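Here is a walk through one model, taken a piece at a time. Keep the structure open and click along as you read.

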Amino acid sequence: MKRCIIIGSGLGGLSTGVVLAREGFDVTILEQGTQIGGCLQCFERRGVKFETGMHFIGSALPGQTLHRLLRFLEIDDIALAALDSQAYDIIRLGDQEYRFPNGKEAFIAQMTNYFPHEAEGIRQYVECVERVAQASSLHTLDTSNANSAINTEYQLRSINEVIDSLITDPTLRDVLVGNQPLYAAQRDKTPFSTHAFIVDFYNQSSFRVVGGSDNIGNALIRKLEQYGGRVLTQQQVIKILSDDRGVKGITTADGSRYDADIVVSAIHPVPTLAMTDSPLIRPAFRKRMASLPNTIGIFSVYLDFKEGTMPYMNSNYYAYANGLSPWDSEHYSTEDWPRGYLYMHFCHEPRPRYARAGVILSYMRFEEMAPWLDTTVGHRGEAYESFKRNRAERLIDSVQQAFPEIRQAIRHYYTSTPLTYLNYTGTSKGSAYGIARDISLGMSSHVPQRTKLPGLYLTGQNINSHGILGVLVGTVVTCSDLLGTEYLYQQIIKASQ
Ligand SMILES: Cc1cc2nc3c(=O)[nH]c(=O)nc-3n(C[C@H](O)[C@H](O)[C@H](O)COP(=O)(O)OP(=O)(O)OC[C@H]3O[C@@H](n4cnc5c(N)ncnc54)[C@H](O)[C@@H]3O)c2cc1C
């Protein structure tokens with residue numbers, strides 16, 4: 001029985017733990033925080049529950065990719081509530097709203113209704129999204145349409161370049177990237193493939209997790225424990241032990257030592273590599289990982305609504321200030337922040353009439369955190385509290401333009417900044433989604449699942465992509481390396497039958 005230590009209990013660590021424990025590995029997951037789950041964590045204040053990271057998921061109908069992965073992990077019994085199939089996403093540009101319906105043909109019809117003069121371009125765009133998403137067997141779990149040439153081409157072309165080549169109307173170009181906060185898109189940088197995977201994923205079907213995303217983490221822990229694995233909290237890994245043949249184990253901040261044959265790090269590669277001084281990890285690799293850009297951070301306002309006042313919104317609402325495009329939202333100035341936001345309600349029961357809680361998200365750069373870098377949670381001082389209050393009020397003011405009733409409905413609100421994420425998930429510089437993909441870096445932005453130090457593997461949002469599908473695909477990639485690709489795919493296929 002191989003002893004396996006996994007660093008980090010986010011979705012990546014937990015799902016990898018379940019797969020390996022089921023295959024007979026003796027799995028121990030070490031989590032630095034008091035709560036498991038990383039971005040799956042929820043918190044409760046005054047009896048109301050809030051999600052901090054994962055808010056909605058896609059492709060979860062039987063036969064669709066995520067559903068197959070949830071079955072493979074034996075957690076497909078998590079309660080889900082479908083978002084409005086006629087408007088799972090609503091994009092507001094100025095005073096105009098655009099609704100995204102689920103399904104390829106419905107999406108084409110709706111966009112053509114808004115922009116009849118772009119009928120041909122819209123069809124070509126949707127077909128391009130589908131072709132690119134299906135070209136990756138990792139994302140479809142189907143090798144029949146896999147096409148590495150398409151994959152490579154669209155990893156090297158930016159979202160705006162591809163959309164501009166198909167669509168002429170500037171408003172439609174903006175509408176199609178209106179949900180870009182989901183992948184922190186950057187003009188001329190983010191690959192079209194990133195856009196295509198996410199658009200296709202949510203267009204197939206989209207859901208909230210009833211009761212909160214921590215249900216996913218809790219379901220994975222139950223499975224892990226069923227297969228003999230365990231998660232230990234308040235165990236911050238600080239060193240990976242090795243000799244000239246490979247890993248030996250790890251040590252934690254409290255001085256505990258855990259021996260292991262395999263260490264899987266489900267955190268960012270840079271802090272992972274800092275934990276080992278093994279010469280087997282080449283300086284060039286360390287330098288390459290350290291040079292990779294990270295996605296921008298997020299400021300969140302968690303809203304506690306008075307009971308029975310705020311009708312439940314079964315859509316995600318993305319809005320941009322008058323005359324502003326979704327592009328360049330990250331290049332805000334202190335004066336024009338927020339240039340855009342994403343507003344959502346949490347789903348505490350299967351068919352809620354009223355929302356008890358919601359969240360408003362907007363970009364926030366880590367540089368804004370400079371005055372408080374040396375402070376700790378709960379002790380950051382009045383200036384930080386006042387900064388957060390000011391930003392929260394400005395964000396609520398923005399939302400109020402589309403939802404005039406919102407202020408009246410708020411009982412309390414709470415906030416989080418990139419510093420909060422740094423503290424609760426350990427993510428580099430409070431980055432929302434980890435390493436940012438950039439077409440100019442090409443293959444040099446690739447983060448491998450296996451390192452040159454035998455027995456040290458990587459998984460989680462940084463090796464493939466973020467989000468529930470990106471991370472679970474990362475789990476498949478890492479576990480395939482340990483268990484065999486063909487074997488693992490057969491297991492996934494068997495689980496879906
Ligand atoms: C605001 C926000 C909204 C999002 N919304 C969605 C959404 O709607 N849908 C979707 O699919 N995805 C969404 N995502 C993305 C998704 O939640 C993440 O990509 C995913 O959960 C990341 O999982 P992970 O395991 O890679 O990392 P994480 O969740 O970051 O987990 C890493 C874990 O490792 C622990 N750790 C770090 N260092 C150490 C150490 N030295 N020792 C021990 N433990 C350590 C951390 O405490 C943490 O628990 C969102 C993310 C954010 C931030």
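## A loop residue and its neighbours

Setting aside residues within four places in sequence, Phe 115 is in contact with Ile 122, Asp 169 and Leu 172. Bear in mind that this is a predicted model. Phe 115 sits in the loop between H3 and H4. Is Phe 115 buried, exposed or partly exposed? It comes out as partly exposed, since 18 other C-beta atoms lie within 10 Å and the cut-off for buried is 20 or more. Phe 115 and Asp 169 are 54 residues apart along the chain, yet their C-alpha atoms are separated by 8.3 Å.

## Helix H4

Just after that loop comes H4, which covers residues 119–135. Does its length fit or clash with what you'd expect for a helix? At 1.5 Å a residue, its 17 residues should span 24 Å, and the end C-alpha atoms are 24 Å apart, so the two agree.

H4 has a set of buried residues: Gly 121, Ile 122, Tyr 125, Val 126, Val 129, Val 132, Ala 133 and Ala 135. Ile 122, then, is both a buried residue of H4 and a contact of Phe 115. What do the buried residues of H4 pack against? The list is made up of helices: H3 (104–114), H5 (137–140), H6 (148–155), H7 (159–166), H8 (170–176) and H9 (192–204).

## Around the ligand

How many residues surround the ligand? There are 36, and the closest are Gly 8, Gly 10, Gly 38, Gly 426 and Gly 460. By class, the shell splits into 17 nonpolar, 18 polar and 1 charged. Helix H1 (11–22) and helix H16 (467–483) each put at least two residues into that shell.

## H16 and its partner

H16 deserves a look of its own. It has 17 residues and runs 24 Å from first C-alpha to last, close to the 24 Å expected at 1.5 Å a residue. Of those 17 residues, 13 are buried, so H16 is largely enclosed by the rest of the structure. Right behind H16 comes Gly 484, with a positive phi near 100 degrees.

How do H16 and H17 (residues 485–496) meet? Their axes come within 7 Å and cross at roughly 125 degrees. The two helices are therefore oblique to each other, because that label takes in angles that are neither roughly parallel, roughly antiparallel nor roughly perpendicular. On the H16 side the contact is made by Val 476, Cys 479, Ser 480 and Leu 483, and on the H17 side by Thr 485, Tyr 487 and Leu 488. Sorted by class, that contact has 5 nonpolar, 2 polar and no charged residues.

## Two buried residues with distant partners

Val 301 is in strand E15 (residues 297–305). It counts as buried because it has 24 C-beta neighbours inside 10 Å. Leaving out residues up to four places away in sequence, Val 301 touches Val 359, Ile 360, Ala 392, Leu 395, Ile 396, Tyr 413 and Thr 415.

Leu 69, for its part, is in helix H2 (residues 65–72). It also counts as buried, with 24 C-beta neighbours inside 10 Å.

Here are three pairs that are separated in sequence, with the C-alpha distance for each:

| Pair | Apart in sequence | C-alpha to C-alpha |
|---|---|---|
| Phe 115 and Asp 169 | 54 residues | 8.3 Å |
| Val 301 and Gly 358 | 57 residues | 8.4 Å |
| Leu 69 and Ala 495 | 426 residues | 8.5 Å |

## Backbone details to click on

Which peptide bond is cis, with omega near -5 degrees? It's the one from Trp 337 to Pro 338. Pro 338 is in the loop between strand E16 (316–320) and strand E17 (340–345).

Then there are two positive phi values in residues other than glycine. Arg 46 has phi near 50 degrees and lies in the loop between strand E3 (42–45) and strand E4 (48–51). Ala 184 has a positive phi of about 45 degrees, and its place is the loop between H8 and H9. Which way does each one go, buried or exposed? Arg 46 is exposed, with 8 other C-beta atoms within 10 Å, whereas Ala 184 is buried, with 23.

Terms used: Residues are numbered from 1 along each chain as its sequence is written. This is a predicted model: local features need pLDDT of at least 70, side-chain atom pairs count only at pLDDT 80 or more; totals for chains, interfaces and linings use all residues. Helices (H or I, at least four residues) and strands (E, at least two) are DSSP runs, numbered from the N terminus. The expected span of a helix is 1.5 Å times one less than its number of residues. A residue is buried if 20 or more other C-beta atoms lie within 10 Å of its own, exposed if 12 or fewer, and partly exposed in between; C-beta atoms are placed from the backbone. Two residues are in contact if their C-beta atoms, placed from the backbone, lie within 7 Å. A residue is near a molecule or strand if its C-beta atom, placed from the backbone, lies within 6 Å of it. Ala, Val, Leu, Ile, Met, Phe, Trp, Tyr, Cys and Pro count as nonpolar, Asp, Glu, Lys and Arg as charged, and the others, Gly among them, as polar. Axes are lines fitted to C-alpha atoms, for helices over the stretch in contact, and angles run from 0 to 180 degrees between N-to-C directions. Angles under 35 degrees count as roughly parallel, over 145 as roughly antiparallel, 65 to 115 as roughly perpendicular and the rest as oblique.
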